[in-house]
Amino acid sequence: MKRPHENPSDRLWVEYSQAFKTFDDLTLARWMSQTLGQLEGHAWRLSHPLVATYRLAASVGHEREIWHKRLVTIPSSYTEAPCCRSPLLVLFNSEILESGLRCHHCGGTAVPLEDIPAPLRRTIINWAAPYALNNEIAHWSDEDQPDNYDEILDEAAEKAKDSLVDAGQILMPKLLNFLPTVTWEDQDYCLDVQPEDIDLRS
Ligand SMILES: [Zn+2]
């Protein structure tokens, strides 16, 4: 999860997060706890504005170690993330095989892949391994690109869209069986797949 301030999108993120920097600790903790309650029990796209707003608050809250101060009661279904002792709010994305489910508060691994129950872990591996291979097409070097590379890239983007629909429709409900809430990355920068391309009704 990006936090450094080197590029324009990081600078913009810091500018957006100013809204929460004006909150005192108790106000921030209350806002976060209430929002966790609203997120509870559902799978959310990473592109959802409520998730984006929570992530802004989480970055400020993490800097202030807000959850260590025990200022508010958090919704009871949220257990403590082992990485930073925040309420367990995770991100599922195509890096799951390397990084597990990432924590929205500290950016670390909140749930390693091996801690996901075996049948679901296998389903996730069967999703993520082909996804990674398909994504690789976007990174072929100039000398590896055939004449019809644009066509191959378009096909890869279509495959990524289908896979992301599967992630939203099939994998997320299964993850919700053992997590209070889950968020998932609904885009692929490398293949130029945007959130609006992921139609969960399809
Ligand atoms: Zn964490």
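This briefing covers one helix, the largest pocket and two buried residues of a predicted model. Because the model is predicted, local features need pLDDT of at least 70 and side-chain atom pairs count only at pLDDT 80 or more, while totals for chains, interfaces and linings use all residues. Residues are numbered from 1 along each chain as its sequence is written, and side-chain values use heavy atoms, with hydrogens and water left out.

**Helix H5**

- Helix H5 spans residues 118–136, where helices (H or I, at least four residues) and strands (E, at least two) are DSSP runs numbered from the N terminus.
- The 19 residues of H5 reach 27 Å from the first C-alpha to the last, close to the 27 Å expected at 1.5 Å a residue, the expected span being 1.5 Å times one less than the number of residues.
- Leu120, Ile124, Trp127, Ala128, Tyr131, Asn134 and Asn135 are the buried residues of H5; they lie on the same side of the helix, because they cover an arc of only 120° around its axis, taken from the directions from the helix axis to the C-beta atoms.
- Pro119, Arg122, Asn126 and Leu133, on the other side of H5, are exposed (buried means under 20% relative accessible area, exposed over 50%, and partly exposed in between, with a 1.4 Å probe and protein chains only).
- The cover over the buried residues of H5 includes strand S2 (90–92), helix H4 (96–99) and helix H6 (149–175), with contact meaning heavy atoms within 4.5 Å.

**Largest pocket**

- The largest pocket has a volume of about 1100 Å³; a pocket is an open set of points on a 1 Å grid over the protein atoms alone, with protein on both sides within 12 Å along at least five of seven lines, and lining residues have an atom within 4 Å of a point. Grid points are joined across faces, edges and corners, and the volume is the space filled by probe spheres set on the points.
- Of its 35 lining residues, Leu46, Arg55, Glu185, Gln187 and Tyr189 are the closest to the centre of the largest pocket.
- At least two lining residues each come from helix H1 (8–21), helix H3 (49–63), S2, H4, H5 and H6.

**Two buried residues**

- Asparagine 135, in helix H5, is buried at a relative accessible area of 14% and touches Asp188, Cys190 and Leu191, not counting residues up to four places away in sequence.
- Tryptophan 44, in strand S1 (residues 43–45), is buried at a relative accessible area of 15%.
- Leaving aside neighbours within four places in sequence, tryptophan 44 has contacts that include Leu39, Leu50, Val182 and Trp184.

Conventions:
1 Å grid on protein atoms, 1.4 Å probe; cavity = no way out; pocket = protein on both sides within 12 Å on 5 of 7 lines; lining within 4 Å.
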